[in-house]
Structures are given as C-alpha cells and as structure tokens.
Amino acid sequence: MSAYKINLCVNGKDETLDVQGDETLLRALRRIGYVEVKLSCEGGDCGACAVLLDGVAVNACLMFAAQADGSEITTVRGIGTEDDLHPVQEQLIEKGGVQCGFCTPGIVVSAKVLLDENPEPTREDIQRGLAGNLCRCTGYKKIFEAVSAAARQVNEGDGS
Amino acid sequence: MSTRVVGQPHPIIDAVEKVSGATIFINDLELPGALTGLALRSPHPHARILNLDTSAAERLAGVAVVLSKNNTPNAPFGINHKDEAAFCREKARYVGDEVAAVAAADEETAREALSLIRVDYEVLPTVADPFAAQEPNAPLVHDSVTGNIANEFHIKRGEIDEAFDAADAAFADEFHTHLAHQAYIEPTGCAAQWHPGGKISVWGCLQSVFLIRTFMLGPAMGMSPDDFRVTQTKPGGAFGGKLDVKAALMAAMLSRAAEKPVRFMMSLEEDLIAMRPRMPVHISLESAWKRDGTLAGKRVRIVAENGAYSSLSPAIMSSIALRTDNLYKTPAAEIQGKLVYTNIIPSGQMRGFGNVQATYAWESHLDNVADSLGLDPAELRLKNYTEKGDVSLHGWKIASCAVADATRYVVEEMDWKAKRARGGKGRGVGLASCIHVSGNKGFSVELGPDDTDPSSGVVRVDEEGKVEIWSGESDLGQGATSVMAYIASEVMGIPVERFRVPPTDTGYMPFGMGAFASRITLIGGNAVKLAAEDARRNLLDAAAEFMEIPADELEIVEGEVRAKALPERKMSVGEVVRRAGSVIEGNGKWLAGGDVLDKEKYGNPSTTYSFSTHGAEVEVDMETGVVTILGICCGHDPGRVINRLGAEGQVEGGAVQGMSFAMMEGLAPLEGHLRGKNFHDYLIATSMDAPPIEHDFFESMDPYGPYGAKGLAEVAINPITAAICNAIYHATGGARIRTLPVSPERVLEAIEEARK
Ligand code: FES
Ligand code: FES
C-alpha cells in the first residue's frame, strides 16, 4: 500500500502527516493525538467518530485520510473546550445529556451542525439530526432537551 | 431531613471533561513502547484442535510473542465452575473462543501473525439447542459434564400441591428470551505492563478492579491477586458486560511473556461475538389463584442457556428463578432450574442480572391471569404486592417499599381507566412491576474474598479546600462517583464543585467489590458517608484548636468553618488544612446487611430492595404487525433520590435500553454462529426510536440507605419489556408475545393465535 503525505488543518492547527492509502481519517487523527474522535464501530453506524470536514459532518471512519488532504477538520475540541464551552456542550452538562460520555464528542458535532442549519429545531428535527449518533446510556431524552435549550441559548445570544 | 445537595438536580461531576472530549478512555491511553495484542478466535462453534502450529507467526519480524495452549499452563478458572482457560486446550467451544494471541510491534504485523498461525480443527457436531443438549446422545460441550447440565436445582416452599388443589383457578404459560448484548458504544479493551520483578499493571474499562484479580487474573496466571495493580479507565458504558473481561487476561499474559507493555483492544465485532451477553432463558409458569385475585402459589421451570462457559450464569439463573416471588405475597412455590451448556457464546450478566427475563415472563403471565379472572391488571397487582415489613417466602426482608404508589402514579398519569376501556382496536396500554436487590450477598462469596460484601471510603481534604474521594467502587458512566460526591458534600458543607473522585485503582484505594447488583449507592454511599462524617469531625477538631472555639460550636458552610454563634469568626477549609500541616482525612467502612442464601436458596440476599412500575402505550398495525411505542411512563422507588438529574437519566436510559432489548435486539445465533457483528446488524435504539418518557419517584426513605437511598440502575430496565408486551396484548385484544424480541411476524402470529 502506498504512502501519501497529506496536509490537514485540525481545529485551526496545521498538520502534515504520512498516511497509508488504507488508513482511515479516524485512525490518522487518533494516531496524531486527536483521541477525542472516538473509535467504535468503524463502519459508519455509531457516529462516535463524527467530525466536521470543511464544515460538513462526516464519520471519520468512513473515509481515507488521503481523501481529506487539504481539508479543514473540526473535532469536538474545535467546537469548545473546558474554558470555552459551546452552548450545546453547556446544555448537555446542565440538562444531564451526558452519562459515560463516549458518544458525546460525536453528539456535540452533530448537534452543532444541526443548530447551524436549523436555529429552531423541533423535537423531530433533533431526532433526525442525531439519528446517526448512537447513545446507549441516556435514552436520548436529556440530549434532546439539551439541544433545544442550546438552540434557545444561541438565539437569545444573537438577539442581545 | 432537609438537605442542601441531596435530592437536587446536579450535573455529573465529570461532565465538563466529557463534553469537551477530554476523558481518556482505554483506547486513548498512551503507553509508550506498547505492543499490539490480538487474539485468534475459533471460527467453529465446536471443534477439536488436532494441531496448532505457531512457528511461522513467531518467526515473523516484529512479533514479540505468540501464546496458545502450546506454551501456557492449563490453569482453569471460573467463578462457579473452573471450566474456562486462557486459551482453548483440546477443543474450541464457541465461535470466538480464544485459540491463540499475539503481541507485535503494530496492528498490521499482529494481524499478519494471526494469519500465519495454522490450526487443524476436527469440526464436531454443534450443541446449539438447550433442550436437544439434554438428550441422552447429545454431543458434550465439556466431556466431563454429562447431559451438558452446568447446574440444576429444585426447591419447594410452602404447601404448593395443596395450593393448586384448593385453587379456584390455575393458569399456565411459556416464555422465551433471546441472546442480547450490552452494546455499550465503547468496545472493550485493556492494557498491561509487566514490571521487572514480576508485578503487572493493568488498565481497562472494568466494573470491578479488585475482583478481576481474584476471579480471573490471579488463578489463570498462577499469581497472587496483589501481584496486579489494576486501574480503571472510565468505561464508555458497561451495563454488566465489563465485569468479566477476558481482555484483561490477554493483555496481562502477553505482557508477561513479552516483558513489554501490551494494548489489547477488541473490535466491536469481537466484542459482539466474544464477551458475555444477556442469558437467554425458557420459562414455564403455572399459577394458582383465588377467585378474588389472591395469589395462592406458583410453579416455575427454567431452562437457561449457559453457552460454552459458566462464569456467573448459575447465579443469574437462580436470580431469574426466585426474584418475582418476592414482589408479591406468594404463599407457596415450586421452582426448578436447569442451566445447560451449549456451543454458543457464553452468556452472562447484563443490567437486571436475569430480572429482565424473569420480570418479562411473570408480568406477562399476570396480565393473562387478570384477563382470565376478569380483573384489571393494575388492581390484581395492587392486591398482591409485598409491603414494608414483609418477609417473603424465600426469606427476603422488605425494609421499605413504595411499589403501590409507583403503580398508582402510572395508572393516573397514563389515564389508565379510560384507555383500558378502549382496548382491542390497535391501541393499548400495559404496565408491569419489579423488585431488585441493592447489592447481593451471594456475590461476595462467589466473587469476593469472603461473605462480607464490604465497601470502604477515604475522603481527603487538601490545602486548597478541595476534596478527593477514594472508593473501590466504580463509575461506569451511570454517575456513581457523582452520587458519592453529593453525599460527601452534603455531610461536609463543602460545595460539590470542589469534589473529585478518580477512577478506581487497586494501587492505593480501599477495597470495594465494584459496580454490579445495584450496590453502589447503598453500600458504597454508606461507606463514603461515614468517611465524610469522619473527615468533617477531623476538620472541626483541627479548626477548634486554631479558632479556640469548641468543635461542637462550629459548623462548615460553603467550604468555611464558622462559629455557629458568631458567623464572622470563620476559616476556610483549605486554611484549616494548611494550618494543620497535612491533608485532613476521613475513613469509613460499611458492611452490607443480609445473608448468604442457604443450600435451599433461603435467606435475605440484600440489605434492602428497590421497586419500579413501568407503563407503555402502543399502537399496533393489525395488518402488518408493526408496533409503535407511543409513550412510556415510569414510577420508581429508589428509597431517596440523591441526584435528581442522574436518577432521571438512569430511568430514561434504562427504559429505552429495555425497550430496545424488547423490540429490536438479538445476536440471533444460528447453529452457533451469531448474526450480530456490528451496529448495522446488531440494532439498538437510535434517537428516532426514542419515545416520550414521563417519570416520577416515590421515596420510601429506606432505613439502611444513605439519606434513605437504595439502588436504581436495574429497576430502571426490568419491567419495560413486559409493560410493552402487555400493552400489545391490550391493543390487539389478546395477542401474547411469548418469544422475544417482538417482531412484526411474531405479533401477527400472536394476533392469529388470539383470534382462534
Ligand atoms: S466509529 Fe465511525 S461511525 Fe462508528
Ligand atoms: S452517554 Fe454513554 S453512550 Fe451516550
């Protein structure tokens, strides 16, 4: 399998790395330290590995790293960190939408995209927006509540 | 008692790190120089290993070590039966059984090494059906176990034959449950590091760091349990499945042999085919009744599918057999159980520990009975529930109980009376209840050093006024450590935000059995509460000296020691610790109540018991059999709610997990081969499946619980399957689901059957 040198901009940081042709974006990101992108099914079913690729949510396990050459990648830590949480993250905390936390990085990515595209989502919109993110712990209810509350928070923030 | 923290809705204490992706799960742990460990698993359900040649794999550049029966001693281990070994010896007994393992420089090399291992198998006939397995000429899974019976028992309690003779009515039913996986999103993994001198450090997503040393690592490796330092990484969900983790053994053995650190991460597929999913059971029930709906007696016969190895299965079977008899006043019972070996993945414990299966069967049967007697199913239950102060026929002592309140809530909230009056037209409601232990004395004997079921805690206050809690119990994501922090915060008058509870570690933490049997809130919570009281006393004693005010005239408020009479005379907790010149600490230990059951399974296995009632409303398409869950309503008695947000999360998560089990899950073994290999063929509930859920808590204020609290994780899942099936029965005018999961085909068949 041939090797490629690729350039990525991950959470605003330029990264140059050598990848094998069959190395997935998920594995490559984790190998260079972005372990907040979670590895579970590696088959596109769970959404734990969701990242933004040039602003679009993708499952990082479903593409080769080489295909991402030249792109901008945003992981959960590019959306918000401990000292600077995104409203989705704040509300997941407040509303109890996180238990074990394994699904959470992917949920944050999907929820952010959802709110960017639809600032006032209904419960059904949220259900659909998170349909690709499995959570085994919460039963989803508190995640839905968190996303609704985050939408309100973002909208009120805009209005002020 | 009025409380400041307890009962309030709090985020879990590690929520910030979790939402920002900073939590280190096992696969994220860096272990410099670590080799990659992988297992070669049997492709056959049952096969004799004629020859095993690992030489080509050993010669491959980058391979450090290859382990198999050829170079490891035969050291059988197992919790109830020593029927398992690290690697297959003469036979492979299920698809996924570990035949060999390699440690290599990287994953690619490790995979190549696996492909170079040559195994000559003689494929043997598969024992797949637990009934056929008992036939006289059936092949044997373990050659020394005749009839493939791993365990059996037969007990009679009370005047059972007389109860049936004198009954006004008697009813019989049969139910079958399926092989379902815990399906946590984080695949299981462990890492190990051998140290010169022979000690081994192990890390992993484990439910019990202490016990894995005593029941698996020590005996299988011929070492003493304290040769291992086991450190938990936060599990990405566990639900019972990460109690019994063979990956820990693989990592430790490879590391010892290679004298290098080894990471052993399972793929999701390996996890689905080679962990320990929920035990499938076949349950026959007969019950005897008085005309007015009083239960007179019951007979239960169980055939439980053990799979290839036993682990905790005998205890699970016994739990299935006896559990529901304690929920209702049951004057007499006869119970027979058989646990049968098959060539299928070994079954095991999942949230509910058999109670999901038992409750599904009995609570479905109860609705059939109610229908036949012409009684309302809720009324039938209310007439027969156990109550506080009862001692059940098996010897269970009910110290607190609010199941009737939970049921009345569900009835009211669901508009039960009106909806029950309109059944049979494709829409219906049903409910079901359960009882569950808060810790189980039996496990302390099977898994622990003796019969004490202890927990201990250390609470340490540092010079900044921050508090760290050490407990050998485990957080699996359910918020157990947060519960400890809230309890200690309540006791100590120090804000919750200042508490930290690190993952469990046998290296420095006091002993704890770990997270299973809904034991942590009660047993771990009591130990931590006592430790916090001790720490508070020590803080006040130290402050008394510096402030020259007697300790009993001081209090701690918002992290400050204040004179009760003169609140302006105060010192921060951190300052007290600094002036004292050291960390101020408190210790506590708590021994669970209850007994180890006698040979006849009589006794009180737990300090106290929790209860719940779940209701479901469904719509059934009578033409296609498709069921839509319109809503779920849950009433729980957790004794006392410690953290409202966390308790609600347990209920919502449990109900949806249970609904998922009932409606869509299943590893679907066919002649020993499993269908479920990834989340596209092992389906679990997605956000699209999540129904609206209502819930409330009925606090029975348990006399033994910390602030009155008892376990909640498992009562949150147990009754929902039966509630859904009872709602389907009501919606369809009598279609009874006797085999899980509920599929449109099964619903249509049941509708057909009901029409006859
Ligand atoms: S790991 Fe990528 S979708 Fe599951
Ligand atoms: S919080 Fe555990 S999987 Fe979602």
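Which side chain of chain A meets E665(B) in a salt bridge? The partner is R136(A), with 2.8 Å from N to O. Keep in mind that this is a predicted model, and every value here is computed from it.

**Where chain B meets chain A**

That pair belongs to a broader contact, to which chain B gives 53 residues and chain A gives 46. Together the two chains bury about 3,800 Å², and carbon and sulfur atoms account for 58% of that. On the chain B side, V19(B), I185(B) and S687(B) supply 18% of the buried area, more than any other three residues.

The polar side of the story is there too. The rule finds seven salt bridges across this interface, along with 25 residue pairs in polar contact. Looking at the elements of chain B, those giving two or more residues to the side that touches chain A are α1 (15-19), α17 (644-663) and β26 (693-697). The largest share, nine residues, comes from α17(B). By class, this side of chain B splits into 26 nonpolar, 20 polar and seven charged residues.

**Salt bridges, one by one**

Over all chains, the structure holds 58 salt bridges. Here are a few of them:

| Pair | Closest N and O atoms |
|---|---|
| E665(B) and R136(A) | 2.8 Å |
| E107(B) and R27(A) | 2.7 Å |
| R48(B) and E122(B) | 3.9 Å |
| D637(B) and K710(B) | 3.0 Å |

Take E107(B) and R27(A): this pair crosses between chains, running from helix α3 (residues 107-116) of chain B to helix α1 (residues 25-31) of chain A. E107(B) is partly exposed at 27% relative accessible area, and R27(A) is partly exposed at 29%.

R48(B) and E122(B) stay within chain B. R48(B) sits in strand β2 (residues 47-53) and E122(B) in strand β6 (residues 118-123), so their pairing ties together parts that are 74 residues apart in sequence. Here R48(B) is partly exposed, with a relative accessible area of 28%, and E122(B) is partly exposed at 36%.

Is the bridge partner D637(B) buried or exposed? D637(B) is buried, with a relative accessible area of 0%, and K710(B) is buried as well, at 2%. D637(B) lies in strand β25 (residues 627-637) of chain B and K710(B) in the loop between β26 and α18 (720-732), so this bridge links parts 73 residues apart in sequence.

Chain B also has a network of salt bridges, which links R41(B), E84(B), E98(B), K246(B), E270(B) and R276(B).

**Inside chain A**

Chain A is divided into domain 1 (3-77) and domain 2 (87-155), and their centres, taken over C-alpha atoms, are 22 Å apart. In the contact between them, 14 residues of domain 1 touch 11 residues of domain 2. The two domains bury about 980 Å² between them, 70% of it on carbon and sulfur atoms. K38(A), L52(A) and V76(A) supply 41% of what domain 1 buries against domain 2, more than any other three residues.

How many salt bridges are there between these domains? The count is zero, though three residue pairs are in polar contact. On the domain 1 side, strand β3 (residues 50-53) of chain A gives the largest share, three residues. That side has eight nonpolar, three polar and three charged residues.

Finally, helix α3 (residues 87-95) of chain A has P87(A), V88(A), Q89(A), Q91(A), L92(A) and I93(A) as its buried residues. Just after α3(A), G96(A) takes a positive phi of about 80 degrees.

Note on methods
Residues numbered from 1 in each chain as written. Chains lettered and ligands numbered in written order. Heavy atoms only, no water. Contact = heavy atoms within 4.5 Å. Buried area = accessible area lost by both parts, 1.4 Å probe. Salt bridge = Lys/Arg side-chain N within 4 Å of Asp/Glu carboxyl O. Polar contact = N/O pair within 3.5 Å; in protein donor to acceptor, adjacent residues only side chain to side chain. Helix = DSSP H or I, 4+ residues; strand = E, 2+ residues; numbered from the N terminus. Nonpolar A, V, L, I, M, F, W, Y, C, P; charged D, E, K, R; others polar. Domains from an automatic or database assignment. Buried < 20%, exposed > 50% of the residue type's maximum accessible area, 1.4 Å probe, protein only.
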